[in-house]
Amino acid sequence: MSDLSLMNHPNLVVVHFNPYAGGKFWINCVSHSPWALPGLSVASPNHTTDLWLLDDLDADEIQRRKIARIHSTLPERSQMFNWCQSELGCNQFWGDTLRNLLFENKNIIQDTAIQLLDRYRCFIVNHQADDVACKKIFNLFPRAQHILLSNADNFQQNSMAIKQSDPWPLKYDIPTNLDAFVVDVDNTYMNVDLTIARVKDCLQYLGLSTELDSNINSFVTRYFDLHC
């Protein structure tokens with residue numbers, strides 16, 4: 001296990017969004033870049049599906065496997081209520097959620113995640129909207145970059161209705177004054193070309209090439225089709 005301070009790295013990207021606002025979708029889109037990783041399953045001993053990332057594979061094979069994993073997270077329409085079961089996320093990659101790492105005295109993270117953080121842009125999700133949490137994140141990780149999903153009310157409501165048989169109250173209170181790349185969800189999502197263009201803008205903001213895997217169009221199209 002590694003100390004939490006090792007996450008203070010220029011390759012760490014904190015993604016701030018309310019649940020069901022499409023944040024993991026955005027991470028998966030950006031991770032169509034060869035230099036970014038979504039929340040793949042590397043947090044041993046419970047999450048080991050993607051430990052091939054540490055094998056001696058060439059870059060093309062790593063990209064092929066990563067893209068296949070990203071696309072495998074999209075369920076059939078009849079399985080939308082099981083959406084969360086196939087998601088890639090923080091537990092699988094870091095070994096816990098950011099909230100628990102910050103506030104539950106779990107000051108350890110997976111060694112594998114730190115190894116990968118040295119090689120790729122890696123993402124962690126923040127759902128904590130209060131100023132205390134945001135200040136703590138910025139203080140703990142001053143070298144990190146940030147992405148903020150804003151104006152997502154309509155998309156959240158639709159996404160919740162599709163994915164939850166027993167909907168619970170949604171939050172709409174993520175701060176809007178963060179130093180971050182901003183994704184205007186309700187004015188971007190459901191438009192494939194605009195979304196991909198903004199993904200490329202995001203890559204530029206992160207200091208990366210705008211190169212994206214050729215499968216990005218089919219991924220975005222299918223995701224939006226599932227949310228119609």
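Select Phe25, Asn28 and Cys29 in helix H1, then Ile216, Phe219, Val220, Tyr223 and Phe224 in helix H10: these two groups are in contact (heavy atoms within 4.5 Å). By class, this contact has seven nonpolar, one polar and no charged residues; Ala, Val, Leu, Ile, Met, Phe, Trp, Tyr, Cys and Pro count as nonpolar, Asp, Glu, Lys and Arg as charged, and the others, Gly among them, as polar. The model is predicted: local features need pLDDT of at least 70 and side-chain atom pairs pLDDT 80 or more, while totals for chains, interfaces and linings use all residues. Residues are numbered from 1 along each chain as its sequence is written, and side-chain values use heavy atoms, without hydrogens and water.

Widen the selection to H1 (residues 23-30) and H10 (residues 216-226), which pack at about 165 degrees with axes 10 Å apart. Axes are lines fitted to C-alpha atoms, for helices over the stretch in contact, with angles from 0 to 180 degrees between N-to-C directions. H1 is therefore roughly antiparallel to H10 (angles over 145 degrees). Helices (H or I, at least four residues) and strands (E, at least two) are DSSP runs, numbered from the N terminus.

Next, show the open sheet, whose five strands pair in parallel in the order E3-E5-E2-E6-E7; pairing needs at least two DSSP bridges. E3 (36-37) and E7 (181-184) are its edge strands, each paired on one side only. Then select E2 (residues 12-16) and E6 (residues 145-150), joined over four bridges. Here His16 is opposite Leu148 of E6.

Finally, add H7 (residues 131-140), which lies across E2, E5 and E6 at about 170 degrees to E2.

Notes
Parallel < 35°, antiparallel > 145°, perpendicular 65-115°, else oblique.
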